[in-house]
Amino acid sequence: MPREEFRRQLAALEQGMLEMGAMVDRQVDRALQALVERDSALAEAVVRDDAEVNRARFRLDNDCLHLLASQAPLATDLRV
């Protein structure tokens, strides 16, 4: 099927988004814990680990652009 590769890449993007969302959720929990407990070391760790979330975001951005450029999705594909 000609759109099979597109669907595979789209599924990989979806999985990446779910993983990044889980990362963000953990970061928010940790940030709230640091605030409530006034734990400056944990707060610093949250700030430091934010770079990992940023890397995931930029990787997903690049993967999206690559998918758009290489698979030339149709309007029906984009609605997915």
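The bend at a residue is the angle between axes fitted to the seven residues ending there and the seven starting there. With that in mind I opened this predicted model and found a kink of about 25° in α2, centred on R48.

I next checked the length of α2, which runs over residues 40-71. Its 32 residues, at 1.5 Å a residue, should span 46 Å, and the end C-alpha atoms are 46 Å apart, so the two values agree.

I then looked at both ends of the helix. At the N-terminal end D39 acts as a cap, with a side-chain oxygen 3.1 Å from the backbone nitrogen of A41. Just after α2, I noted that A72 takes a positive phi of about 45°.

Which residues of α2 are buried? I listed L42, A45, V46, V53, A56, L60, L67 and Q71, and I saw that α1 (4-37) is included in what covers them.

I followed this into the largest nonpolar core, whose eight residues are F6, L13, M20, M23, V53, A56, L60 and L67. To this core α1 and α2 each supply at least two residues. I picked out M20, which, leaving aside neighbours within four places in sequence, is in contact with V53, A56, R57 and L60.

Last, I asked whether Q9, placed in helix α1, is buried or exposed. Its relative accessibility is 15%, and because buried means under 20%, Q9 counts as buried. Not counting residues up to four places away in sequence, Q9 touches L67, S70 and Q71; of these, L67 and Q71 are among the buried residues of α2.

Methods
Residues are numbered from 1 along each chain as its sequence is written. This is a predicted model: local features need pLDDT of at least 70, side-chain atom pairs count only at pLDDT 80 or more; totals for chains, interfaces and linings use all residues. Side-chain values use heavy atoms; hydrogens and water are left out. Helices (H or I, at least four residues) and strands (E, at least two) are DSSP runs, numbered from the N terminus. The expected span of a helix is 1.5 Å times one less than its number of residues. Buried means under 20% relative accessible area, exposed over 50%, partly exposed in between (1.4 Å probe, protein chains only). Contact means heavy atoms within 4.5 Å. A polar contact is a pair of N or O atoms within 3.5 Å; within protein, one must be able to donate a hydrogen and the other to accept it, and residues adjacent in sequence count only if both atoms are side-chain atoms. A nonpolar core is a set of buried Ala, Val, Leu, Ile, Met, Phe, Trp, Tyr and Cys residues joined through side-chain atoms within 4.5 Å.
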